[in-house]
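Welcome, and please load the model in your viewer with the cartoon representation switched on. We will go from one selection to the next, pausing at each.

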Amino acid sequence: MTTQSISTAAYNRSAEELVRLDGLVKYFPVQKGFLRREDAQIHAVDGVDLRIFRNETLGLVGESGCGKSTLARLILRLEEPTSGSVHFEGADVAALNSRRMKQVRRKMQVIFQDPYSSLNPRRTVGSIIMEPLVIHRIGTRRQRIEKVAALMQEVGLRPEYSDRYPHEFSGGQRQRVGIARALALNPSLIIADEPVSALDVSIRSQVLNLLEDLQERYGLTYLFVSHDLSVVEHIADRVAVMYLGKIVEIGSRNDIYNNTLHPYTEALLSAVPVPDPAAERNRIILEGDVPSPMSPPPGCRFHPRCWLRIPICREIVPPLHDVGGGHAAACHVRAPAEISPR
């Protein structure tokens, strides 16, 4: 059992495991020249072990380009892994044939970041919400129409608007259409990829509250991908922090926000705006730029920008070490673990 799997098991031993990622790796080839030969590889996801438990919300946070969306697409098998495995309800997703994969897709749905580009502008919202039912041949025509009306009511839209097109709705209403579509097949897991980042601030809380209400009503499990830690704090039960393709810290919401271990997490939290102009802030300004995912630094990937680095950080990749209660961090300084000699 890996260090990370120990930490997630310690989080809640009675929780049922829904998704398990073991040593998940995804490299994208970079091709150059007339013959399109592979010149380098982008290390989008690099050795991730992760557990998602049934009925929880796991927040996945990090800077743009750290691999969050790629990790979500690997779970959905919209991308094939370079190595490692994804298990959903005990089944190895990569080993499933097309017929079995279609059955599994009924239980895994996604809410996209842009509520406009994710909806077909040539189709009515009623037909968009009904499409999953048609693809999986669920119910009669009349039953599907009734299901669409019920789903629209469920997400706060009037059923008589089902004949309207996406451009006739506001951004928040379009995202509600996307949520209704994700709910159509009664899934177990919903991956929400930056679901409120394109919405006005006044609308975000309404959509977040809707997601929480639906989770309680239907027993949903969320993987909530975001770069906004203030949003994740509102909705997540556990939080995983990602940097350059690796999970650098994971723990309960309270652990991450009140007992931060990894310097990168600390820097992210220091950048969260506080709605009090008189409040004193200790903003951490990271030195240098984010290293290229084509040539990540040796040792700890954060060490070129870290103010706590010590010599070992440049040489050895720190394991994700559990410090207790399911709170784990990959840091030689704040969460030191025994390193096997080479």
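What is the order of the strands in the open sheet of four, and how do they pair? Keep in mind that this is a predicted model. Reading across the sheet, you meet β2, β1, β4 and β5 in turn, with antiparallel pairing. Color β2 (37–53) and β5 (91–92) next: they stand at the edges, and each has a single partner strand, so one side of each is left without a neighbour in the sheet.

Now move to the middle of this sheet. Select residues 17–32 for β1 and residues 83–88 for β4; the two run antiparallel and are joined by five bridges. To find your place along the pair, show V25, which stands opposite S83 in β4. Then add residues 68–75, helix α2, which lies across β1, β2 and β4. Its direction makes an angle of about 115° with β1.

Next stop: the other sheet. This open sheet has eight strands with mixed pairing, in the order β6-β7-β8-β3-β9-β10-β12-β11. Its edge strands are β6 (108–111) and β11, each pairing on one side only. Look along the sheet and follow its twist, which averages 20° from one strand to the next.

For a parallel pair, select β3 (residues 57–61) and β8 (residues 221–226), which share five bridges. L58 in this pair has L223 of β8 as its bridge partner.

Stay with this sheet and select β9 (238–243) and β10 (246–252), then helix α10 (residues 263–270), which lies across both. The helix runs at about 105° to β9.

Continue to β11 (residues 321–324) and β12 (residues 327–329), an antiparallel pair joined by three bridges. Here G324 faces H327 of β12 as its opposite residue. Zoom in on the turn of this hairpin: two residues lie between the strands, and G325 takes a positive phi near 70°.

Finally, switch to side chains. Which residues touch the most other members of the largest nonpolar core? Select I179, L183, L211, F224 and V239, which do so among the 57 residues of that core. Center on L211: beyond its neighbours within four places in sequence, L211 is in contact with I111, I179, Y222, F224 and I235. Another core lies apart from this one and has 36 residues, including C66, A72, V93 and L189. Show those four as sticks to end the tour.

Definitions and conventions. Residues are numbered from 1 along each chain as its sequence is written. This is a predicted model: local features need pLDDT of at least 70, side-chain atom pairs count only at pLDDT 80 or more; totals for chains, interfaces and linings use all residues. Side-chain values use heavy atoms; hydrogens and water are left out. Two strands pair if DSSP finds at least two bridges between them. Contact means heavy atoms within 4.5 Å. Axes are lines fitted to C-alpha atoms, for helices over the stretch in contact, and angles run from 0 to 180 degrees between N-to-C directions. A nonpolar core is a set of buried Ala, Val, Leu, Ile, Met, Phe, Trp, Tyr and Cys residues joined through side-chain atoms within 4.5 Å. Buried means under 20% relative accessible area, exposed over 50%, partly exposed in between (1.4 Å probe, protein chains only).
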